[in-house]
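Student: I should like to learn how to read the fold of a protein chain. May we work through one example step by step?

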Amino acid sequence: MVATTDKSKTKKLGKGVVYLLMLIVIVTAVDLWRSKDLPSNVDALGLLTTLERETLDLAAISDEKPVLVYVWATWCGVCRLVSPMVDMVGEPVVSIALASGVDPKVAGYVREKGYQFTVVNDADNKLGQTLGISVTPTLMVAYKGELRFATAGITTLPGMVARLWLARLLA
């Protein structure tokens, strides 16, 4: 009787692992398909201006270490779940607030939420159009002048850290 129960548990565990692997393959395929239209060069974004009016050269920053690029919006429900995790990432983060209003409105939202990541306000959606963003949130990694490992929708903190790690590994 005990041997039958152990076999059953092993069989269920095996099925669970297979389903998990299938899910990973499907999610990866969808991410690759979504990112096919993204520019691959960081220079496409040009110099960026943060809410603090600082000029940001993403290409120069990404030469030193991977940078998580986080495209989000104040009106995005999923972003409310993802943003706190983005705030926990130890690497540099450059976020782009997509069509979220004027600078004071976005700055107030960021302050209210207590986010510490760097914010570039894309009030007129020009950066979003340059990147071909159609879904928020979208995350990608800028490293050595390239944009890679894009994903959209809910992304976990381990998923973000894994993308940053892969960028270093595959550089």
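Student: How many helices and strands are there in the chain?
Tutor: This is a predicted model. Read along the sequence, its elements follow the pattern α-β-β-α-β-α-β-α-β-α-β-β-α. Here each α stands for a helix and each β for a strand, and the chain has six helices and seven strands.

Student: Which strand order does the open sheet of five strands have?
Tutor: The pairing in this sheet is mixed. From one strand to the next, the twist averages 20°. The order of the five strands is S5-S4-S3-S6-S7.

Student: Why is one side of strand S5 and of strand S7 left without a neighbour in the sheet?
Tutor: Strand S5 (118-122) and strand S7 (146-152) each have a single partner strand. One side of each is therefore left without a neighbour, because both stand at the edges.

Student: Which residue in S5 stands opposite Ile96?
Tutor: Strand S4 (residues 93-98) and S5 run parallel and are joined by five bridges. Opposite Ile96, the residue in S5 is Val120.

Student: What angle does the direction of helix H4 make with that of S5?
Tutor: Helix H4 (residues 103-113) packs on the sheet, where it touches strand S3 (67-72), S4 and S5. Its direction and that of S5 make an angle of about 145°.

Student: Which strands does helix H6 touch?
Tutor: Helix H6 (residues 157-169) also packs on the sheet, and its direction makes about 25° with that of S6. The strands it touches are S3, S6 (138-143) and S7.

Technical notes:
Residues numbered from 1 in each chain as written. Predicted model: local features only at pLDDT ≥ 70, side-chain atom pairs only at ≥ 80, totals over all residues. Heavy atoms only, no water. Pairing = 2+ DSSP bridges. Helix = DSSP H or I, 4+ residues; strand = E, 2+ residues; numbered from the N terminus. Axes fitted to C-alpha atoms, helices over the stretch in contact; angles between N-to-C directions. Contact = heavy atoms within 4.5 Å.
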